[in-house]
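These are my notebook entries on a two-chain model, set down in the order in which I looked things up. I begin with a single residue and work outwards from there.

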Amino acid sequence: MTGQQLKIERRREIRHAFRAAFPHTIPIFAGFWFLGLTYGIYMNVSGFSFIYPMLMSITIFAGSIEFVTVNLLLGAFNPIQAFTMALMINARHLFYGISMLEKYRGYGWRSFYLIYGMCDESFSINYTASIPKDVDKGWFMFFVTMLNHIYWFSGSTLGGIFGSLIHFDTEGLDFVMTAMFVVIFLEQWLTEKNHLSSLLGLALSLLCLIAFGADNFIIPSMLVILAVLTMIRPPLEKRLGSPASGAAPPGKDASGAGAEHISEDNKRTEKGGEQP
Amino acid sequence: MMLTQQIITVAMVVLATMLTRFLPFLIFPAGRPTPKYIQYLGKALPPAVFGLLIIYCLKNVSLFTGSRGIPELIAIVLVVVLHLWKRQMLLSIAGGTICYMLLVQFVF
């Protein structure tokens, strides 16, 4: 192939990955515009220019801590408090990183961006989505992350610009995020052989929510989940399979001649839904 | 707060957030084999984390005041049923969200 042909082929590959990634991010568009607008409006009515939500949505790109940062900016100057607050609220990212050690590696500068933009939603989609065999994984995950980033940035900025001018009845729209995580949980449930970890995640978090309350339950939940998973490691590890295969659905790692056949299969499972 | 103080505050938040995202990749670099225990956690954690995220979304639901979590329950059941039936992500999410919006705006 000549250089020109390679270039065209590369562009086609990138476009193809974009088309595959976009549908996965549509629910995030709804959720992030709603939350982003709310966040921008909140900053606007707190007396900040739209520059603030604009720059903070790009640099921080983590929903809940950005709302908290508004209060930090309104209070007395305390950088240590800002640092520890952000560390505690975002500690769950540590779990995402541990889960993505293999998946996010080997894509050069895109790996850096994938880790930089690893919010709840990008992690969840990139971890569970069954990427068709003919789509480049690195570009797929890159576009999922980038689109989410753009949705959050544009929503926050628009909210900051138009602020209190916006009046429309969107009560309940924030449920789109809950619905998405329920679907992601279900997708994981339908592909895993053993449901122990899923069930533990739900039950232990619920117990911690009851014990510690809505504002302080994330860190205890993480610690308890970590402790229990460590205690039950020998039996659970056996059931999860060999270290190399990962928790991905069967067939995902296959390569070579069967590739096209597998991507067909993936499409069919996504569309059909005739689950045995 | 002065502008420089604001910039420092936001920078601290960015720094801490990025630390939580990059730390695992820095501790377990690509060249060296990742410890077996961490590999195990990499597989065992995600399902539990998805459970945690659902509870996180529902953390402000009160079972004893207001609508008592009934709209949330109905909408989640609908999401699950739709998804098991058609297994189309967008349909399940849109169906559940519209149902929830109708419930909180007109019923409860």
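**Entry 1: a loop residue in chain B**

Is Arg87(B) buried or exposed? I looked this up before anything else, keeping in mind that I am reading a predicted model. Arg87(B) has 20 other C-beta atoms within 10 Å, and the cut-off for a buried residue is 20 or more, so Arg87(B) counts as buried. I located Arg87(B) in the loop between α3 (70–86) and α4 (89–107) of chain B. I also noted its backbone, since the phi of Arg87(B) is near 50°, a positive value in a residue other than glycine. For context I wrote down that most residues other than glycine have a negative phi.

**Entry 2: a loop residue in chain A**

I then turned to Phe61(A), which likewise is not a glycine and has a positive phi of about 50°. Phe61(A) sits in the loop between α2 (51–59) and α3 (63–74) of chain A. I counted Phe61(A) as buried because it has 24 C-beta neighbours inside 10 Å.

**Entry 3: how far I trust chain A**

Before going on I checked the confidence, and found that chain A averages a pLDDT of 84, with 84% of the residues scoring at least 70. Within chain A, the confidence is highest in helix α6 (residues 109–116), at a mean of 96, and lowest in helix α13 (residues 259–271), at a mean of 38. The pLDDT is below 50 over residues 243–276 of chain A, a stretch that has 32 contacts in the model beyond near neighbours in sequence. I leave those contacts alone for now, because predicted coordinates should not be read in detail where pLDDT is low.

**Entry 4: chain B as a whole**

Chain B has four helices and zero strands, and from the N terminus on its elements run α-α-α-α. I looked up its dimensions next: the C-alpha atoms of chain B fill a box of roughly 55 × 50 × 30 Å along the principal axes. The radius of gyration of chain B is 21 Å, whereas a compact globule of 108 residues would have one near 13 Å. Of the 108 residues in chain B, 43% are buried. Among its contacts between residues at least 6 apart in sequence, 37% join residues at least 24 apart.

**Entry 5: where the chains touch**

How many residues of chain A are in contact with chain B? I found 74 residues of chain A in contact with 65 residues of chain B. Helix α9 (residues 175–191) of chain A gives the largest share of the chain A side, 13 residues. By class, that side of chain A has 48 nonpolar, 17 polar and nine charged residues.

**Entry 6: helix α5 of chain A**

I spent longer on helix α5 (residues 92–100) of chain A, which is mostly covered, with eight of its nine residues buried. Among the buried residues of α5(A) are Arg92(A), His93(A), Phe95(A) and Tyr96(A). The cover comes from both chains, and includes α7 (120–128) and α11 (218–231) of chain A as well as α1 (3–27) and α2 (36–57) of chain B.

I followed one of these partners further: α5(A) and α1(B) pack at an angle of about 35°, with their axes 7 Å apart, and the crossing is right-handed. On the α5(A) side the contact is made by His93(A), Leu94(A), Gly97(A) and Ile98(A), and on the α1(B) side by Thr20(B), Arg21(B), Leu23(B), Pro24(B) and Phe25(B). These residues divide into five nonpolar, three polar and one charged.

**Entry 7: two further residues of chain A**

Which residues does Ala86(A) contact, leaving aside its neighbours within four places in sequence? I listed Ile65(A) together with Met12(B), Val13(B), Ala16(B) and Thr17(B). Ala86(A) lies in helix α4 (residues 79–89) of chain A, and I counted Ala86(A) as buried because it has 28 C-beta neighbours inside 10 Å.

Last, I looked at Ile219(A), which is in helix α11 of chain A. Ile219(A) has 15 C-beta neighbours inside 10 Å and therefore counts as partly exposed. Not counting residues up to four places away in sequence, Ile219(A) touches Met88(A) and Ala91(A). I also noted that Ile219(A) and Tyr96(A) are 123 residues apart in sequence and 14 Å apart in space, C-alpha to C-alpha.

Conventions:
Residues numbered from 1 in each chain as written. Chains lettered and ligands numbered in written order. Predicted model: local features only at pLDDT ≥ 70, side-chain atom pairs only at ≥ 80, totals over all residues. pLDDT = per-residue confidence, 0-100. Helix = DSSP H or I, 4+ residues; strand = E, 2+ residues; numbered from the N terminus. Contact = placed C-beta atoms within 7 Å. Buried ≥ 20, exposed ≤ 12 C-beta atoms within 10 Å, placed from the backbone. Rg over C-alpha atoms; globule rule 2.2 N^0.38 Å. Nonpolar A, V, L, I, M, F, W, Y, C, P; charged D, E, K, R; others polar. Axes fitted to C-alpha atoms, helices over the stretch in contact; angles between N-to-C directions. Left-handed = near helix turned anticlockwise from the far one by under 90°.
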